[in-house]
Each structure stands twice: as C-alpha cells, then as structure tokens.
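The following paragraphs lead the reader through one protein chain, from its overall make-up to selected helices and charged pairs. Please keep the sequence and the model in view while reading.

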Amino acid sequence: MRRWLALLVAATTSLVLIALLVPMALLIRAVAENGAMSRATAAAESVAVAVGTPDLELAVEQQARPVTVFLPGGSSVGVSAARSDAVRLAATGRSVTASAPGGREVLVSAQSPEGTAVIRVFVPDAELMRGVREAWLALLLLGLALVVLGIVLADRLALAVTRPVDGLARVSHRLAGGDLSARAEPGGPPEVRSVALALNQLAGRIDDLLVAERESVADLSHRLRTPLTGLRLDAESLRDPEEAARLQTRVDALERAVSAVITEARRRSAGRGSCDAVAVVRERVRFWSVLAEDQGREVAISLPAAPLPVAVGAEELAACVDALLGNVFAHTPEGAAMSVRLAPRSEGALLAVEDSGPGFEPALLERGNSAGGSTGLGLDIARRTAESCGGRLTVSRPAGGGALVEVTLTAPAAGPEQA
C-alpha cells in the first residue's frame, strides 16, 4: 500500500507540476526575449536621433551591441552588414524586427536631409536566452523537490494506515494460533479503529464462549459421575459375587471412558499452556533411553543449554515426543540408530527426530494409516500438537536413508498485541 500510494502521489504531483511549470518556462523565455528586444529597440532609437548630425559615428560607437546605420546614398556606418530584404523594407519608413543568422535584427528608420536611413541593431541568441536556462534549471529542481516532498508525505500518511493494519494482522495470526489474550490497540483512521474494536470484541466473545464451554464440561462431569456412583453402589449390593464383580468391571471401564472424554473436553476448552521444551524433551528421551539400550540402539540428543519456552503444555509436548519416539521403536528394526534434536528458531523451536530405518510411506501422513517403516500413527498426534500452537509438521527422507520428522513449535506470547 505504501508503494502504491507513493507512486500515485508521484504521478499526480508530476502532472500538476508539468501543467504549471511548462507554461511558466515558456513565459520566462518570452520575457527574456522581449527584454532583449526592448533594449535593442531603445539602442536603435538613441542612434536614430543622431542621424544627419556629425555625432552619428560617436553615437554608434557608444552602443554596447553591434549597430549598423544604412545611409540613403548606399553607404553605411558601424558594423558591416548586408542589406537584407528587411533592411530594404525598413527603408520605406517602417520599423521592422526580423530573424537573422545567429539571432535577430531590430530595424528602425530615421529621416535625414538626404533621405531615409535605417538603423540596424543585431541581438544574438545568447542575449535572447540570457538567464533562461538558469531559470529552467531552478524550475526543474523545484519540481523534483516538490515531487520528493509529496512522496515523503504520502509515505508518512500510508505508514499511519499500514502500521495499524499490520498490527491487526499480527493479532489475527495470534488468535488463529490459539492465543486468545491477543488484543489490538485501536489506532489509525476511523475505519481501521473500527476494525480493531470489532476484532477485540470477537476475541472477547471467543473467551466468553470458552468459559461457557468449560462450565458446561464441569456440569457434564458432575451429571455423569453422579449416576455412575449410584450404579457402582448397585453393583456392590448384588448378592452374587461373580455377577457383582462382572458389573463392577463394566462400571470401571465406563468410568474410565467417561473420565477420558471429560479430560479431553477440558483440555480442548482450556487456554493454551506453555512449558520449557528442553526439560520435557530431556525427560522423555531419558525415559526411552532404557528401552533403546535394551535394543542396542544408539541415541544422539542435542538440546540447547538455556531453557526454550514453547506455547504447548508440558503434557501435550510429552505426548508428542512419546509418539515420535514410539514410532521409531515400533517401525524400525532393533539396533537402528536415532537422534533427537531441539533447536531455537525465530518463531519458537524446532524438534527433529531422525532414524536410520527403512523410511516411510506418504500415506502414513493421514490419520489412521499405519504400516511398516519408520513412522506411524504418532504423526497425527505430533501434527495436532504443532498445529495447536500455530506450528507445523514436516516429514522427509534424508539422503542417507531413514526418516526425518520435524515439528515446529511457536513461542508463547509475551502479552497483548500493541498495534
């Protein structure tokens, strides 16, 4: 937008300046020519006064420009010049201005006792254009300065519009990534401020809906556990021990299923958490290292020295790491080496798990597909974990074979966005 506004202002300003400066430049040239011709006419008239007197030659010599006096008898005084048609026309008693090679000539007739004399004053082109080029250069510089000033002002104006819009875009991306604490600071033109207020209202409405959802989940938990408790008491009151045990087992399974559903609903309705990725990855790699040692696998781990916060809860990140490492153990032969690397990135962190197994099939990227190779169902868990914080998951086959799974995690937000 800033570039387009600058181009628009530059084009508009250039058209306006051309419409103003071109006539002004022509006017300056006309004024310079008229001034030179007026001075030449005055010089010719001053010499005409001396025609027919002994002071004619002195009057001619005192002029600063070339002067020629054509006398009636055919002779001439002053600078040598040819009798042109304009001179013969002026000899009839008319004052004439005509073009000549290298400039213009001013011809003034004067009466003497011998007849009509013609005074010729030559005005070179240099005198006709004296000061015109300098004035044109000044106008050009003025025009360029005005164009640059217009572009600078347009850029400042565009920046006042684009800066709030950029802030709105960043807030929108944070909201899309799950950071519901992001808020836009209304600013800029009234329309942009209206959009910022609407976006803040939308974020607040989403918060209200999530609060209502959490309350509904809590109410669901209470409503489901109460009949389950009654059902458990009924099962315990049965006289047949085998039947009571069988029903008790079914009640336990049902309670576990209900608890899992409620826990998942609470997790999805709760706000996005954060954790230290270094601590979580180190702890899960230590857990899986025992099994790796039993299978003769070489495990290489690379972690940053400083804590690396990410916008994912510790439990979700641990489940993601377990899923990726579990895939390696489940779909690669014993003894296949693997490496776990966690590195900081501008957007947050990059978790990479690489193995030396047989590789993977593209169909395994779809939820529910599983086959031989070095990846499996855990990819969907890792993908959902990455996407929950605005990250992404990529799977590739290194040049040396095996599989490389990279999970990009975003950093937790520092606070409300300032547009």
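Of the 419 residues in the chain of this predicted model, 38% count as buried. The secondary structure consists of 10 helices and 12 strands. The accessible surface of the chain amounts to about 23,500 Å², and carbon and sulfur atoms account for 60% of that area. Contacts in the chain between residues at least 6 apart in sequence may also be considered: 62% of them join residues at least 24 apart.

Helix α5 covers residues 132-176. With 45 residues at 1.5 Å a residue, α5 should span 66 Å, and the distance of 64 Å between its end C-alpha atoms agrees with this expectation. The helix nevertheless bends by about 25° at Leu159. Just after α5, Gly178 adopts a positive phi of about 105°.

Leu137 is found in α5 and belongs to a nonpolar patch on the surface, formed together with Leu140, Leu141 and Leu144. The accessible area of these four residues together is about 400 Å². Leu137 itself has a relative accessibility of 49% and therefore counts as partly exposed, since the exposed class begins over 50%.

A salt bridge joins the side chains of Asp155 and Arg156, with an N to O distance of 2.8 Å. The two partners fall into separate classes of accessibility: Asp155 counts as buried at 18%, whereas Arg156 counts as partly exposed at 47%.

Helix α8 comprises the 18 residues 277-294. Its expected span at 1.5 Å a residue is 26 Å, and its end C-alpha atoms are indeed 26 Å apart. A kink of about 30° is present in α8, centred on Trp288. Trp288 is also one of the buried residues of the helix, the others being Ala277, Val278, Val280, Val281, Arg284, Val285 and Ala292. Against which elements do the buried residues of α8 pack? Their partners are the strands β6 (275-276), β7 (299-302), β8 (309-310), β9 (338-344) and β10 (348-355), together with α9 (314-331).

Arg284 also takes part in a salt bridge, in which its partner is Asp322 and the closest N and O atoms are 2.8 Å apart. Because Asp322 lies in helix α9 and Arg284 in helix α8, this pair ties together parts that are 38 residues apart in sequence. Arg284 counts as buried because its relative accessibility is 13%, which is under 20%. Asp322, at 21%, counts as partly exposed.

How many salt bridges does the structure hold? There are 11. Another of these links Arg120 with Glu105, whose closest N and O atoms are 2.5 Å apart. Arg120 lies in strand β5 (residues 115-124) and Glu105 in strand β4 (residues 103-112), so the pair ties together parts that are 15 residues apart in sequence. Are these two partners buried or exposed? Arg120 is buried, with a relative accessible area of 12%, and Glu105 is buried as well, with a relative accessible area of 5%. Finally, a network of salt bridges links Arg39, Arg65 and Glu127.

Methods
Residues are numbered from 1 along each chain as its sequence is written. This is a predicted model: local features need pLDDT of at least 70, side-chain atom pairs count only at pLDDT 80 or more; totals for chains, interfaces and linings use all residues. Side-chain values use heavy atoms; hydrogens and water are left out. Patches are made of residues with over 30% relative accessible area and no salt bridge: like charges are joined within 9 Å, nonpolar side chains (Val, Leu, Ile, Met, Phe, Trp, Tyr) within 5 Å. Accessible areas come from the Shrake-Rupley method with a 1.4 Å probe; for residues, only the protein chains shown count as cover. Helices (H or I, at least four residues) and strands (E, at least two) are DSSP runs, numbered from the N terminus. Buried means under 20% relative accessible area, exposed over 50%, partly exposed in between (1.4 Å probe, protein chains only). The expected span of a helix is 1.5 Å times one less than its number of residues. The bend at a residue is the angle between axes fitted to the seven residues ending there and the seven starting there. Contact means heavy atoms within 4.5 Å.
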